[in-house]
Amino acid sequence: LLTRNPLANYLEFAWQGMVKKSAFKNGKGWSYSPFNGKRTADPMNEMSIKTSILNSDPQGHLLNYKTDGSSVEYLGLEDVEGNDVYKIRLVTKENDMIYYYIDVQTFFILREDIKVKTKDSENTTNSLFSDFRKTEFGIVLPYFVQGADSEGNGYTGDN
């Protein structure tokens, strides 16, 4: 069983020989991104901390959503990349929203849209998941992720 600690997270992302790093613990964090030419770490802003907390749960937010104080609503069927999906909206106790697009055949999450609000702004990230493979532990994971944030910054990644 995976454990979760929404109070701490560390992430590394490597691309073209450069490594972006971010970490947070107990509501504070930093980020280092050499992609824009900067060579020093910067403190995370409130939006980055909230987004990192939402992304830090390895089991996902649907599992035990009521215990976490969240609510879930079924929004009907949609199409994602030619696949019929169930659209589900999860609202956290902080009123942030996660939209899940779940394949009706496999029940894999094919897309996830996260909307995070702070007192000053709102941020949306969209992720498309594909190339699902079973790991040696029997868990099926997407091995390719493609996405973008509110500012149009895109990303792709192979696992």
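**Close-up views of a predicted model**

**View 1. Strands E8 and E9 in the predicted model.** Aspartate 113 stands opposite asparagine 126 in E9. Strand E8 (residues 109–117) is joined by seven bridges to strand E9 (residues 122–134), and the two run antiparallel. Between E8 and E9, which form a hairpin, lie four residues.

**View 2. The hairpin of E7 and E8.** On its other pairing, E8 meets E7 in the antiparallel sense, over six bridges, and tyrosine 100 has glutamate 112 in E8 as its bridge partner. Five residues lie between the strands of this hairpin, where phenylalanine 107 takes a positive phi near 65°.

**View 3. Aspartate 96 in the loop between E6 and E7.** This loop joins the view to strand E6 (83–91) on one side and strand E7 (97–103) on the other. Aspartate 96 is buried, because its relative accessible area is 3%, and its side chain makes a polar contact with the side chain of lysine 50 at 3.3 Å. Leaving aside neighbours within four places in sequence, the residues in contact with aspartate 96 include Leu54, Leu90, Val91 and Val116.

**View 4. The open sheet of four strands and helix H1.** The strands follow the order E1-E2-E3-E4 with antiparallel pairing, and the edge strands, E1 (8–15) and E4 (42–43), each pair on one side only. Helix H1 (residues 46–55) packs on this sheet, touching E1, E2 and E3, and its direction makes about 90° with that of E2. Within the sheet, five bridges link strand E2 (residues 18–25) to strand E3 (residues 28–32) in the antiparallel sense, and lysine 21 has tyrosine 32 in E3 as its bridge partner.

Conventions:
Residues are numbered from 1 along each chain as its sequence is written. This is a predicted model: local features need pLDDT of at least 70, side-chain atom pairs count only at pLDDT 80 or more; totals for chains, interfaces and linings use all residues. Side-chain values use heavy atoms; hydrogens and water are left out. Two strands pair if DSSP finds at least two bridges between them. Contact means heavy atoms within 4.5 Å. Axes are lines fitted to C-alpha atoms, for helices over the stretch in contact, and angles run from 0 to 180 degrees between N-to-C directions. Buried means under 20% relative accessible area, exposed over 50%, partly exposed in between (1.4 Å probe, protein chains only). A polar contact is a pair of N or O atoms within 3.5 Å; within protein, one must be able to donate a hydrogen and the other to accept it, and residues adjacent in sequence count only if both atoms are side-chain atoms.
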